[in-house]
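Biologist: I should like to learn how to read a model of this kind, feature by feature. Could we take the structure in view as our example?

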2 protein chains.
Amino acid sequence: MASRFFSFVGGHDGNWRVTKMASVIGESLESVDRVEVVEQRIEVLPAGAKWILRGVTSFERYVTSREHQQLFSAQPPLNRAEATCAALIPIKKLESWWQLSQDDRRRVFEEQSAHIATGLKYLPAIARRLHHGYELGEPFDFLTWFEYAPRDSTAFEELVAELRRTAEWRYVSREVDVRLERR
Amino acid sequence: MASRFFSFVGGHDGNWRVTKMASVIGESLESVDRVEVVEQRIEVLPAGAKWILRGVTSFERYVTSREHQQLFSAQPPLNRAEATCAALIPIKKLESWWQLSQDDRRRVFEEQSAHIATGLKYLPAIARRLHHGYELGEPFDFLTWFEYAPRDSTAFEELVAELRRTAEWRYVSREVDVRLERR
């Protein structure tokens with residue numbers, strides 16, 4: 001469970017075919033056909049690729065011990081055979097978010113926005129891995145990767161719509177939504 | 001206040017002369033005469049240098065809004081003319097620390113160990129900047145840099161001794177203590 005580095009390479013190659021790409025807030029990313037998910041730090045854009053997004057898994061920032069137990073007992077692994085749909089959602093938050101103290105961020109994140117409680121409602125359908133880019137100086141502070149079965153697509157749309165209506169999302173300055181299908 | 005990258009280069013050059021280097025817990029660092037503090041990411045060991053320690057400043061992990069105000073109003077800036085002494089203290093914590101939930105880490109950090117309250121007692125004498133290495137995959141999770149005047153040396157020894165007796169320190173797997181004087 002040590003910190004692990006991931007690179008998401010957008011271009012013509014990769015195991016995931018892009019079905020939709022849209023800007024939710026701010027500037028989009030250049031359109032690509034496929035995304036390759038690589039568990040290492042890739043510095044140089046491979047030939048034919050348009051972009052690389054980088055992030056690291058890290059310790060949990062807001063989850064309490066009790067919430068961790070609830071999440072841990074309900075969350076599915078990645079790479080389930082039936083989970084042929086994925087979403088890559090890169091997010092950047094305003095500097096005013098990072099200026100908040102820990103208790104104020106927790107208050108917005110959970111007491112006001114129910115980020116964890118909302119996520120729990122969609123388990124065990126939707127698998128998720130969070131990658132952090134803030135400390136790396138990357139253009140996005142978070143890269144969230146979701147995997148789900150086609151039958152859970154409607155539930156996934158509800159999940160992202162619900163989160164985007166929260167107080168937490170007022171601190172989002174840029175968000176791109178990339179939907180994918182396993183090749 | 002965005003995240004800023006720093007490199008500490010140990011070798012024969014640099015504005016800070018090493019007066020003492022000691023391992024507190026675990027393996028030490030190779031002995032050097034001087035340390036250069038550079039506000040950028042240095043990848044390649046310069047000629048004559050023995051090591052580079054890297055870290056980024058980042059958002060506050062445990063401080064509440066009220067504690068932030070107390071710290072903010074009392075803490076001195078770096079680079080005070082009288083603060084000719086410095087300490088570079090690289091620390092690595094056990095994986096079991098990172099596995100704790102946020103509320104459990106906060107409990108150990110402050111309610112059990114009074115890390116913030118202890119630091120506050122030594123303000124405004126001791127200036128400090130914390131650099132994070134965990135997300136970077138660096139050998140140390142934290143690099144803490146302190147600056148103080150020679151007359152506050154005894155107070156500084158008390159501060160580090162007090163912290164090393166806490167419950168939080170049971171999670172420290174490696175700690176090196178490098179003391180320096182401005183050239």
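Biologist: In which sense do β2(B) and strand β8 of chain B pair, and over how many bridges?

Modeller: First, please keep in mind that this is a predicted model. Strand pairing is read from the bridges and their direction. Here β2(B) and strand β8 (residues 172-182) of chain B pair in the antiparallel sense, over eight bridges. One such bridge sets B:Ile25 opposite B:Glu175 in β8(B).

Biologist: Which strand is joined to β2 of chain B by two bridges?

Modeller: That is strand β3 (residues 34-38) of chain B, and the two strands, β2 (residues 16-25) and β3, run antiparallel. In this pairing B:Arg17 stands opposite B:Arg34 in β3(B).

Biologist: Where is B:Arg183 found, and is B:Arg183 buried or exposed?

Modeller: A residue outside the regular elements is best placed by its neighbours. B:Arg183 is found in the segment after β8 of chain B. It counts as exposed because 10 other C-beta atoms lie within 10 Å, and the cut-off for exposed is 12 or fewer. Leaving aside residues up to four places away in sequence, B:Arg183 touches B:Asn15, B:Trp16 and B:Arg17. B:Arg183 and B:Arg34 are 149 residues apart in sequence, yet their C-alpha atoms are 9.1 Å apart in space.

Biologist: How should one read the fold of a whole chain; how many helices and strands are there in chain A?

Modeller: One begins with the elements and their order. Chain A has five helices and eight strands, and along the sequence they follow the pattern β-β-β-β-α-β-α-α-α-β-β-α-β. The next item is the range of the contacts. Among the contacts of chain A with a separation of 6 or more, 76% join residues 24 or more positions apart.

Biologist: What radius of gyration does chain A have, and with what value is it compared?

Modeller: The comparison is with a compact globule of 183 residues, for which a radius of gyration near 16 Å would be expected; chain A has 16 Å, so the two agree. Along the principal axes, the C-alpha atoms of chain A fill a box of roughly 45 × 35 × 30 Å. Of the 183 residues of this chain, 30% count as buried.

Biologist: Which peptide bond is cis in chain A, and where does A:Pro124 lie?

Modeller: The general idea is that most peptide bonds are trans, and most residues other than glycine have a negative phi. In chain A, the bond from A:Leu123 to A:Pro124 is cis, with omega near 5°. A:Pro124 is found in the loop between α4 (115-121) and β6 (127-132) of chain A. In chain B, the bond from B:Leu123 to B:Pro124 is likewise cis, with omega near 5°, and B:Pro124 lies in the loop between α4 (115-121) and β6 (127-132) of chain B.

Biologist: What is phi of B:Asn79, and what is phi of B:Ala114?

Modeller: Phi of B:Asn79 is near 65°, a positive value in a residue other than glycine. B:Asn79 is found in the loop between α1 (65-74) and β5 (85-93) of chain B, and is exposed, with 9 other C-beta atoms within 10 Å. B:Ala114 has a positive phi of about 50°, although it is not a glycine. B:Ala114 sits in the loop between α3 (102-112) and α4 of chain B, where 17 C-beta neighbours inside 10 Å make it partly exposed.

Biologist: How is chain B laid on chain A?

Modeller: One superposes the copies and reads the turn and the shift. A turn of 180°, with a shift of 0.0 Å along the axis, lays chain B on chain A with an RMSD of 0.0 Å. That is the relation of a two-fold axis.

Biologist: Through which surface do the copies meet, and how many residues does the contact take from each chain?

Modeller: The contact takes 26 residues from chain B and 26 residues from chain A. On the side of chain B that touches chain A, α1, α2 (95-99) and α3 each supply at least two residues. By class, that side has 10 nonpolar, 10 polar and six charged residues. Because 100% of the interface residues of chain B are also interface residues in chain A, the copies meet through the same surface.

Biologist: What confidence does the predictor give the complex, and what is the mean pLDDT of chain A?

Modeller: The complex receives an ipTM of 0.92 and a pTM of 0.95. The mean pLDDT of chain A is 97, and 99% of its residues reach 70 or more.

Key:
Residues are numbered from 1 along each chain as its sequence is written. Chains are lettered from A and ligands numbered from 1 in the order in which they are written. This is a predicted model: local features need pLDDT of at least 70, side-chain atom pairs count only at pLDDT 80 or more; totals for chains, interfaces and linings use all residues. Copies are superposed by least squares on the C-alpha atoms of residues with pLDDT of at least 70 in both. Two residues are in contact if their C-beta atoms, placed from the backbone, lie within 7 Å. Helices (H or I, at least four residues) and strands (E, at least two) are DSSP runs, numbered from the N terminus. A residue is buried if 20 or more other C-beta atoms lie within 10 Å of its own, exposed if 12 or fewer, and partly exposed in between; C-beta atoms are placed from the backbone. Ala, Val, Leu, Ile, Met, Phe, Trp, Tyr, Cys and Pro count as nonpolar, Asp, Glu, Lys and Arg as charged, and the others, Gly among them, as polar. The radius of gyration is taken over C-alpha atoms; the globule rule is 2.2 Å times the number of residues to the power 0.38. pLDDT is the predictor's confidence in each residue, from 0 to 100. Two strands pair if DSSP finds at least two bridges between them.
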